[in-house]
Each structure stands twice: as structure tokens, then as C-alpha cells.
Amino acid sequence: MERDPAAAEEPGSPGRRRRRRRRGDGRTRVVRSNLLPPPGVEDPAAGATKGARRRRRGGAQHLADNRLKTTKYTLLSFLPKNLFEQFHRLANVYFVFIALLNFVPAVNAFQPGLALAPVLFILAVTAFKDLWEDYSRHRSDHEINHLGCLVFSREEKQYVNRFWKEIRVGDFVRLRCNEIIPADILLLSSSDPDGLCHIETANLDGETNLKRRQVVRGFSELVSDLILPGYPGHHVHKVSEFNPLMFTSVIECEKPNNDLTRFRGCMIHDNGKKAGLYKENLLLRGCTIRNTEAVVGIVIYAGHETKALLNNSGPRYKRSQLERQMNCDVLWCVLLLICMSLFSAVGHGLWVRRYQEKKSLFDVPESDGSSLSPVTAAVYSFLTMIIVLQVLIPISLYVSIEIVKVCQVYFIHQDTELYDEETDSQLQCRALNITEDLGQIQYIFSDKTGTLTENKMVFRRCTVSGIEYSHDANAQRLARYQEADSEEEEAVPRGGSLPQRGSVGSHQSVRVMHRSQSTKSHRRTGSRAEAKRASMLSKHTAFSSPMEKDITPDPKLFDKVSECDRCLAITRHQEHPLAHLSPELSDVFDFFIALTICNTVVVTSPDQPRQKVRVRFEVKSPVKTIEDFLRRFSPSRLTSGCSSIGSLATSKAAHKSGSNFLSTLPNDSTLFKLEERLGQPAAAIASNGYSSGAASWAPEHTAQEQKLELEQEQERELRYEAESPDEAALVYAARAYNCALVDRLHDQVSVELPHLGRLTFELLHTLGFDSIRKRMSVVIRHPLTDEINVYTKGADSVVMDLLLPCSSDDARGRHQKKIRSKTQNYLNLYAVEGLRTLCIAKRVLSEEEYACWLQNHLEAESSLDNREELLFQSAIRLETNLHLLGATGIEDRLQDGVPETIAKLRQAGLQIWVLTGDKQETAINIAYACKLLDHDEEVITLNAESQEACAALLDQCLHYVQSRIPCSTPEKTAGNVSVGFSPVCPPSTSTTSGPSLSLVIDGRSLAYALEKNLEDKFLFLAKQCRSVLCCRSTPLQKSMVVKLVRSKLKAMTLAIGDGANDVSMIQVADVGVGISGQEGMQAVMASDFAVPRFRYLERLLIVHGHWCYSRLANMVLYFFYKNTMFVGLLFWFQFYCGFSASAMIDQWYLIFFNLLFSSLPQLVTGVLDKDVPAEVLLTEPQLYKSGQNMEEYRPRTFWLNMADAAFQSLVCFFIPYLAYYDSDTDVFTWGTPITAIALFTFLLHLGIETKTWVRAVGMIPGSADAAGPTLPGRFHDI
Amino acid sequence: MTWSATARGAHQPDNTAFTQQRLPAWQPLLSASIALPLFFCAGLAFIGLGLGLFYSSYGIKELEYDYTGNPGTGNCSACALADQDRAPPLRCSCAWYFSLPELFPGPVYLYYELTNFYQNNRRYSVSRDDTQLSGLPSALLHPANECAPYQRRASGLPIAPCGAIANSLFNDSFSLWHQRQPGGPYVEVPLDRTGIAWWTDCHVKFRNPPLVNGSLALAFQGTAPPPNWPRPVYELSPDPNNTGFINQDFVVWMRTAALPTFRKLYARIRQGNYSTGLPRGTYLVNITYNYPVRAFGGHKLIVFSNISWMGGKNPFLGIAYLVVGSLCILMGFVMLVVYIRYQDQNDEDEDAE
């Protein structure tokens, strides 16, 4: 119901919906429960089912229902609508016009009905194709519309099964675990005691981690107040007794929009209270419910108004460069046609004037006997000529190209060498009409993470409090994986049909090496298969390849962790347990705690709803009001906290005996609550739909059963689902040190240690990661010390600046300083190795500090206007004065074959630019690793602090590049320190070595360089460089760079990326390639082609791109050739028939020339012909350059082609002319052989075309001239 | 829908020769050892063919005479002059004398040739009604609109045959006389005026309307002849099998010529003593001069010709084959020279690689 009261009263029809939306004066939408009598209907007692159903509809009739309709046509509207759409194509209008011209007697050239046939045929084919597409859309719509779900029915007072399409806005829907959400639903109730619900959005954005959704804040209390006034708000009751019939609140929210990350609104209850609605409350259509037994919600947006569908923009239509050029040439053809017609019109005029007065016997007067004036005759002749010569514009060209492209896409799709076994995915072509662009790419813009690298984060090394742990064993293990990989890869071609010589020798050696590690790789292949199976079963196993999970701990560090654990286990019941540890050990302990809990990793186990074992604090966290805080941190609470530690100790024995869930019993009140809960009738618990946690509290649970459960628990592997893979990598690393994250709820985190057992941290706040702060923090209450700790994890550049300034006076401060400088050194070392670095820091907050900060924070949270901004400020206030714990180095492994692919693409003449958000050092190192940068090259680094500096720097570089003086680092650096200029010369640079240059530029300088006045210089510089590396660039900058290159250099660009941050770049580029890898589907959804791996790009471009381009280019040229040649025959004839537009070729030949007589051969060659075999293309990537330079099809080749056609038509016309000169032949006896000769010549030409490609490669000595064999061939036909 | 389309399965493409584009293919490598022999063979073949064609054409005899009657070109000029101001053609005759020193081998064909006559002009060539010519009685009385302005007479009578082509029917006639000895009598050479049109034309395409009471004239009752015709269509010939629409002169004329200079077969000489050809002696062609062509600069010719396996006399094809064949051989030699000259270099290059 939009806010438009007058309209709401109208008995609107479904068709009115659109009009209403357009009117859209209200900015919000108001949703009411459909179960309530609609405001317009006075008599709610109209009890009949039918009436109720109507009423049910009446409530939300004017809003989109949940029926999905992506079809364009209905049975009735198909013909007019489709025709209308087809006539948007100019060519169709043209051909229909020509055909209709035949109905004018004075100018007609053919039988009118016959002339219409080809264009009708083309229209019919296209219409049929559209119909078929529409029908398949209809079928899939139908399927989705008839999915079932539970909707609350007013009549039956319970949830009943209904189809998706029957859901209306305002309906109450009940969803169970693993069900797909049918519409955008506001979460009102969840079986989860905290009102949480997890959803997986893989269908929407491809992110496989679980997202948390929450029951409307404040709604739960309110409802329970409503239902059970006076009852102390307990969640169990609230959920079990949520009755949609009692829902009388009104929801006001935004109009439907496509912003997935935003939802605003409020719920107005009967008592006038308002509750804010955020995106955390909204379940989006297309997502899947996970880890939650059941949820109930009210439908807010349905059908086409859901965010998922508003985001679905349908298939993309791009026009390829070749097609643009072709259109231009079609226009040339039109011009040529007009010229030819004009020429013969003038000729006819003169001819008529010459012969008319002379009472020529062959002159035919007008039908009324009067003589035709030469001008009129010329005009008629012009029009007739256009009809006769219409063959020049290839009517079937567009259709043929479509067909060929579809076939090309099919072949690309079918290529087994583009199939990735591991992920069971093959290349997807999402855009059907730009296959030939693949053969013309000049610039590749690549993302780094996940594109060049696997985006499988592997923990490599770490440093804690200044000591480096190199994890050598871990490195060896990774190396082994790599070998196993290469082993498998080599095995694949051997198994295939292609004989692989040359590699036998290397094979042998790999074999030997392999045998020594047979056990390891066995496991590897096993787990690979397992991973594959798992990924086939469900997609939420993304970041858990075995490589990331198994981490071999560093023995030294492992000992230290164990020592901490032991010590703490002994001293845990003492006053300050951590004080007994040395500073280093305490840092180690904190480091691992931070690794484990400073993240948003969700712990799950496959295929089971989460077992919830919770320890209750009396106040729900996060802290909501200052009173809460006071209550919570009152002295009594503190003592009870101590007692909790006491009780911890007592429960330790029990814990060891196998209670996996019962670790801490914080205070008496919780115990009391427990008893209270146990006292409830079991039925009530069961009716909640989640007996999980509570059931295990039941007294009849014997210790034996618990033991059994523990065993199951251990068998059941915990799985960590993280929003970014490095988080998971860190958690897995910590687990390798026996510091395992076992449970995470929104207010507590449990960590299990071998001696300490399960530690449960009260999670006070989580300050999520954002790209500006580049860090995240958690605020927790430490169960051992009861202190409030902040653990921060973030990029070293920011975290190092936020550390507590340490005085150099005392020993401790000096020690700290030393640690920091050591850590910084190690960080640099890691960066050189190409590792991603993260700093881990900690801050201990006093109660006062916390209280002070909390107040601000709560204000920020409750603010309505600029909540995000305030929360950001608040986070910055908290993350200061940090104590450095250590740093980690995570390896993002290069994908298989990336260096080789880059080398090949380079050879193919492609410029590769890497645009990454990573920091400069990491990016440079990855670039070296993947051979993008070479140690022999000079690297120009542009780091400027200001616009002027950037300009100066660019000038300098340009000057340098132009003068080609060897790099003189010292003087330049000296002169430009102030502007941050640091030309980096790799040490190995020698003046004699190749002067190839590379450019490295950081995000800030890039921003300056992309300014209007500098972009030309920047581009010029970049053009001189072999490779360009842009670090720390934002998604917008990425797309700006692509756009710049595309528009300024007029170059064909390809952007490849895997993540959401690459989407803009992918969309801007001529060809967008998405990697269907780790980071979800957003890039893939935006892309034209989706490949599983970067290395497939090589084959896609060098082989398929080349083929597609040369096939299409040749086919298009051939079309022009064929038609021009045929029309040429007719045109030459005009010189011998008084330019009277008569034709020696029968009209059937003329009309069906394009459709029947010359359509198939070039389709076959266009689809199947290979100018160069794939192996040659791959070994000689230089061949790709022919596509880049448009050698097959450029304006010159077009005109050459046309000249060739003119020449051939001359030959084909004049040889019969001379052969039949002065004979008694009649028009058609003479014209039909000409047609036959022409058709034979077409075939022969095509045959020669197919061969000449081989010749063009230069494979034959003394490349014979092309005219030689064609000429005798032509005569031969006579 | 995006989320229903991602069903997992075995996505591995089929590994067949077709899908993997590995269909067995032949890529001709035109190396010197193939290209050179090819060129030489083709060249020789063309030269052989060309010689054959040329000699065949050379052996064909042709005798032609322009009887348009331009001033000072013979005794037809009088008729031509008369033709200039008199609209209805005057019955004028003229003659052409020629002598054959030796036998003109048969079979001999007599053609008339018109130049500068655009029978292929579009408005002219569509001006006919094929339905009428196929003898359909209804079409006979209702000629198609294409025939306009020769569709109906001013009196309203439909014209049969209608259209500009029929109206402009060539109406000169020839008779051939032979004088064996000088001073001897002229004997008329029988001209076979049948069998000059295509069999399909006069048996399928052109049919007379069904006879009425056994009379063709009655069948054409209610129609008028074309304005230029002095007599109706059923009186074109006294031979009942060669009159009306199936009159072979008419049929030949109706098959429009491809080019503005064209010949049409007038008669075949194959009867009696003349079946082997025209024997030596003096001949006289008596021409009934009716057809006006001088107004538009046309010419009328009379042509005697015999034919060979390749048709009429035309040296062009032979010459063309000879030229192309020689070119092939020439190119072959050039390439051979290039090949020999650069062969060593290539070998060196390959060695260097």
C-alpha cells in the first residue's frame, strides 16, 4: 500500500499497478498484515472462503504479487509486439520498404508477392527464435512460481502450503531450514532464542558465508508484552506463541529499490511505539535459510519488486567492434547502391531521350499512349534499380552472424580444455555477441587477488612480540601441495589423446619424487575428490580446502603456546592469572586469542542445524543502554565475576569428563534460570522447534551419553565460515596451535584449549572491518582476568600508527620499541615474499574508559541520521593506544599457470595491467612472482602526495623515458624526496639489458594522474611501459583506468576479476571476464565470459579469440564480396540494356540469392574453419597480433575486397558477354550461365579463402599470388 | 532465474571430435613442389583447350551482309530512303548478290541480325502476356496490364498478341536463289522455316487458343492484331501448324535477345541438294524490306553461318584460354625462378632456426 489513501481505496485492477508506481508521490510504502480486515472493507464477517480470498487479495492488490513474469509476450500480443520490436532494426524496415516498392506498378521489378518472401522469412526466423526464448523463460517462471511455501491462512488459522506466486505483500510466511526465501520478508520471529537467523546469499551475490539476520529489534519484547502482559520477557514464549493474527502493527518502509545493502523503515505498533527496521531484519528473496530451524516473517516486497529481481538486469547486449565496423561498411554499401542507381538513372534518362523521339520500335510509351519524359523515366529507373540491386545489402548477414556466433559460443563452451575439473565448471559465455572481440584485445586489466592468485589464504608465518616463527615445516607442506598439483596436471595430458612427447623425461623425475611422498599426495587427491563432492553437494564449503586447514605448527611457537596453556590452567583461579606469565608468553597467549576471536567467523558443522550451547549472561549483549552498563558493571557484578571463575574451577573436572558444552557457569542467576527452564514442561520446549541446547541440559542425560556426544563432536569436523578467506586462515592457524574456536554467538565466543578447556569470552562489541579503517576490532571481557580487552587486527600501515607511544626512558619502553622495529622488519620481509600482512594488537580498557566510550558509542548507534559516520568515529576513538602483539603473513598462492599465461599473453602482444587494491609491496612481489615484472626491467614508481607533485613526476618520467638515459637513482631521489618521488631501480638493472620499463603507481597518485590535465601524460608514459601495476586502487579508479585506455587509446580492453570490487571495471571494459572462484558471483554476473581460472584466459583469447575473429571477419568480408560481385553482374548489364534496370538473371535467383543460393557454405566455414590449428596458435602467440591489428578486416581490406568483387564480376560478366556476342542467345539463356558461373566462383573463392589463411601464416615458401589459381578456375567454369 | 539455473552436475563437456573442433581436416600446403606442377599442368591444359576452341571457331564459315540501306551501300538504300518518310512500310524489295568460290559446308543457317535494338530494355521486355500466348481463351480477350499501351485498341478490342514485343515483330522476309553457272537460271534454294524455335517454346509455352469450329480465325474472333501488323496473327503463315501464336518466326522473336546486337534464326538450309551446304556458284538473296531501323540508328544484317561442336563462330573463347594458359605457364616460370633463386636462402634460414 503506497501512501496514497485515495488510491488505496480504489478497487484497483492488476494493470493499475504500473501506473500507480509511476505516479509514486509517496516515498514510502506501508504494509499491513493481510490477516486484518482491510481498511476499505467494513464487514469482516464475510466468512465464505471466496470472499475471504478476495479480501485477502484486496489488501495488497495494487502491489506486485509474487508471481514471476519475465516473459515479454502473451499469445495475443506476440505478433504485433514482436514485429514492432523487429522493426526497430533498420535493416528490416529497409527490406520491407524495398519489398513494398514492388507493389508500385511503375517501378516494380519483381512479382510483389515473391519479393516479400525473403524478408518475411527473416522476420519469421527471428520471431520464432524470440518465441522460443520467451517460451523457455515462461517455463522457468512457471517452475519458480509453483514452488511451495508455508503461508499463514486466515481461514484455517494455521500455515498452509501455497505456491510462491500466491504470496502477497502482507502475508506471513514460515520458512524452515534450507528453504529458499520466496520474497523479501521482514523477519518477525525465529526459532533461535536470540531472534537470529542465518541466511546464505550465494544465489544473490555468490558469497558463501552465512549472514546473520535478526528479528526486528524491540518487536520481540513488544509482542511478548502484548501477548503475555506481565510475563518477564522470555524468548521461548515469544517465539512459540507468535501469532500472525495478533500482528496489528503497521510497517513503513522504502519503496522497492535495488540496493541490496540498504533497507530502512520502521514498524509502528498499536500503542504508537516505533521500531526501526534495518537490512539486518530483511530476508531477501533467493537466499537460503541456514542453521535456523524456522522463521516467520511478513512479506514486504514481492515478485518483481524484490531486491533480487530489481538487481537482475537481464542479459547484456554489447556490440562488438567488428559489428560496428560492419555496420559502417553496410552504410558504405547503401551509398554504393545509391550511386549505382543514380548512375543508371541518369543513363536511362539520356537513353530515353535519345531513342524516344526516333520512334524506336523498342520504345514503349506510357500506358495511355503518351510518351514518357526522360526525367520521369530516370526517377522510375532509380527506384527500380534500388529494388534490383537490393542484393547488395546482405539481408541474411545479420541472421548469419547471429547463427555463427551462437555456434562459436557453443564450441567455446564445449572446449574440454577450458573445463576445470576441480570446481566442475566450464567456461560460461554470458554475452553471445562479442565472441570475435576476444580476438582483438589489446589491453588486459587484471585484478590480483583471486584472479592471479587463488584467493586461498594460507597461513605462512608469524611474528609474536618481535620473534619470528618461520614455519618451515608448513612451507614444505605447501611446496608438496604444489608438486602434487603439478603432478596431476602432467598426468592429465598424458591420459588424453594428444601424444605428449618431450615431457617423458621430466615425468620420470616427478614420478620418483612423487613416490617418496606418496602418502601425502594420496591424501591430497582424496581430499580433493572429497572437496569436489562437497562442493557439488552444497556451496557453503568455500574456504575450506585441505591446504588451508592443515597447518603444521612451528615447534618453537607450539611449545610456547602449550606452556601458556599449562601455566594458565594452573593459575587460572588466582587473582591475576596472566601476570604469572612472562610478557612474551602473555603476548603469545593474547596473540592466539586474538587470532581466534577477532573475526566474524561462524562455526558450523555440515548439514546440521547448529547445536547451541550457551552460557547466559543476564543482560543481552551488546550493551544497549547506559543503565544496562551500570547494572552490568556494578561491583557486585565484578565479584560475581570472580565467583564465576571459582565455579569455573569447580566445573573443570566435569568439563574434563566430557561435558563439551558446559564450561562456565558464570553466576547464580544463570543457574537459577536454568532450573527455571528445566522446570518447564518438555512439550513447550519441543514446540519451540529447537530442543538442541536445552535438551542436553536435561537431567536424564547421563555422563555416558555425554561422552558419546563428545565423540561424535570430535568426529564431526568444525567448519569455519568467514566473510574473507584470510580470517578463516587465521582461525585455522590458531586451531593448529590447539587454540580452537568452537562456538560463536552474537554475544559470546568460545575457545577451546587443551588444558584450560573451554574459555567463553563475553563479546561486547564487534567493530567490523571497513576499507577506510582497514582494521577490525572486537571488545570482549576476558574470562580469566575479567578485564575488558580490545583486540584489533588490521593492515600494518594503520595499526602501526595506532600503537601506544612508548617512552624510551624505561627498559620496558625500549623493549617495546625494539619489538616494534623488529616486527616492522619482519613485516617488510613478509611483504617482499609476497605475503599479505596483518598486525594483531590489543588494548586493555579500564572500566571508566569503557564506560566513557560506551556512552558515545551508544549515542552513535541510536542516532538515526548519520549512524554510519558516527559509528566510524566511535571505532576510531576506541582503536588507539594499542599494544602490539605480533603480525602474521598469509600467503595468497598464485594460481596454476599464471606466469606462463602472462608470458604467453605478452608474446601475443597484449598489454597487461594489474589493478589491485593491495599494497604496493605485496603487489610488486606478486607481480614478480607471476613474471609480470621482470628483474631485468626498470620499474618506475609513481608515488605522489599532491597534484603538482604528480604532474612534476610525470614530466620527469616522460623526459626520462624519452631520453632513455639509464636510471640514475641517487640524484633523482635526492631531488624529489619532498614530493615523494622514488624511482626504484632493481639492482640487477644493467644499461645493456633490454630497456623495457614498468610502471608502478599507487592509488593516490593514480587519482591525480587520472585528472583531466594529466591523463594524457600518464597514458603516454603507460604506453611506453611493458607492464603497469596500480596498487591500492579503488573499484572506481579501476573502472576509470579502463575507461581512459578505452576512450583515449581507442584500444580493445578486457577486464578480468573475481570480486565485487572488479564489477565496475568488468562492466566498463569491452570484454569483461569474471572468475568464478572464491569471492562469489558478482563479478561473474557482470561479466561477458566467466572462466574458472586465470590460465584459461590464454586459450580463450589466443585460440578461440583468434578463431572467432578470423572466422567472423572473413565471413563478413565474404558476404560483402559475394553480394557486391553479384550486383556487379547486374550493373554491367545495365550498360547493354539502356540502363533500364532489367536483369538477365531470373527474379527467383535474385530474390533468393542470399537466402537459398549462397547462405550455407560460408556459415559452415564461419563456424568450423580454422585458419591455424590450436597448437600452432598456442606455440606462436604472436599470431594473435593479426586480430589486434584488425588485419583480417579493416577499411582497406574491405575496399580491397570490394575491388576484388568488382573485378571478379567484370570477369564473370564479360567473358560470357564476349563468348555470346553476336549470337542468337536470349536473355535468360545467357543470364543463367552467368549466374551459374558466379555461384561457382563464390564457392571457389570461399575455397581459396580457406586456403589462403594457411598461406598468410607464411608456412609455404614463395607465397604464390592469389589471382593465379582463381583466374583459370573461373575460366574453367565456362 | 539466477538461482535455479546453477544446478550442479557433471559439467564436463563431451570429448568428441566435433565439439573439440578436431574434425579431420585437410589443409593444403601449396609448396613449390605442388604449386609449380599445378601451374604448368593448368597452363598446358588451357593452351590445349584454347587451341582446340580457336581452330573450331576458325573452321566456321560466316557470311554477312548489311542491308540496312544506308546511302551508297547497295540497292536497299532506295527502300531505306522510302522508309524514312512513309509511315506504313512500303512494299519494297531489294536484293543481295554474292558468289561462293567453294562449297559452304552445311548445315547452313540463315540469320538476320539487328544492331542497336534494345530488346532487353525492361519496359519492352516485360510488355507481353505469357498467359495469353499460352492460348488461354480468357486471357486472349483480357490481356495483362503489362501489355499497355498495346493492350487494347482504341476501339476497345483486345490485342492478340498484346504487348510491345509482339507489336515490333520483325517482318522482313528473305528468299535465296542459286545460280549454278554464270548466266544460268536462278533456282530457289528451299529455306526450312520450321524447327527454328525451341521445341518447348512452340509446344509448351506458346499454344494457340482452342479452335472454334475447326477454325483458328474464329478462335481469334473479338481480338485485333497489334497496330504495326498488316495482318492478323492467324494469317502469319498458310501452314496451319505454323500459324497463330505458334508461328515459329513469332516465337523466335518473342524470345527476347540478351544484348542490343543480336541475331535471330530465320531459316535452316538442309533440303535437297543443299543438305551438305551451299555449293559454289552465285547467289541472290531477295529481301522484302519492311522493317524500319534507320530511325534509331540500327542496322539489319543477313548472315549465313554454319556451326561446330562449340556453337557459332566466336574466336574469343579460344583466345581467352590461350592467353590464360600462357599466363599460367609464365607465372609458373617466374615462380620457378623465384623458387630456385631463394631456395638456398630458405634452407639457410631454416638451418639458422
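## A tour of A:Asp447 and A:Glu436

Select A:Asp447 and show what surrounds this residue: leaving aside neighbours within four places in sequence, A:Asp447 is in contact with A:Leu452, A:Leu915, A:Thr916, A:Lys1038, A:Ile1056, A:Gly1057, A:Asp1058, A:Asp1062 and A:Met1065. Please keep in mind while looking that this is a predicted model.

Now colour chain A by secondary structure, and A:Asp447 will be found in the loop that runs between strand S15 (443–446) and strand S16 (453–464). According to the UniProt record, which is an unreviewed entry, the annotation "active site" covers A:Asp447. If a surface is switched on, A:Asp447 counts as buried because its relative accessible area is 3%, which is under the 20% cut-off.

Next, add the side chain of A:Lys1038, one of the residues in contact with A:Asp447, and look between the two side chains, where a polar contact of 3.2 Å joins them.

From there, move to A:Glu436, which sits in the loop between strand S14 (428–429) and S15 of chain A. A:Glu436 is also buried, with a relative accessible area of 0%.

Which side chains make polar contacts with the side chain of A:Glu436? Select A:Lys405, whose side chain makes such a contact at 3.2 Å, and then A:Thr435, whose side chain is joined to that of A:Glu436 by a polar contact of 3.5 Å.

To finish, widen the selection around A:Glu436, which, not counting residues up to four places away in sequence, touches A:Ser320, A:Leu322, A:Glu323, A:Lys405, A:Gly1105, A:Cys1108, A:Tyr1109 and A:Leu1112.

How values were computed:
Residues are numbered from 1 along each chain as its sequence is written. Chains are lettered from A and ligands numbered from 1 in the order in which they are written. This is a predicted model: local features need pLDDT of at least 70, side-chain atom pairs count only at pLDDT 80 or more; totals for chains, interfaces and linings use all residues. Side-chain values use heavy atoms; hydrogens and water are left out. UniProt positions are given in the numbering used here, feature names are shortened, and annotations may be inferred rather than shown by experiment. Helices (H or I, at least four residues) and strands (E, at least two) are DSSP runs, numbered from the N terminus. Buried means under 20% relative accessible area, exposed over 50%, partly exposed in between (1.4 Å probe, protein chains only). Contact means heavy atoms within 4.5 Å. A polar contact is a pair of N or O atoms within 3.5 Å; within protein, one must be able to donate a hydrogen and the other to accept it, and residues adjacent in sequence count only if both atoms are side-chain atoms.
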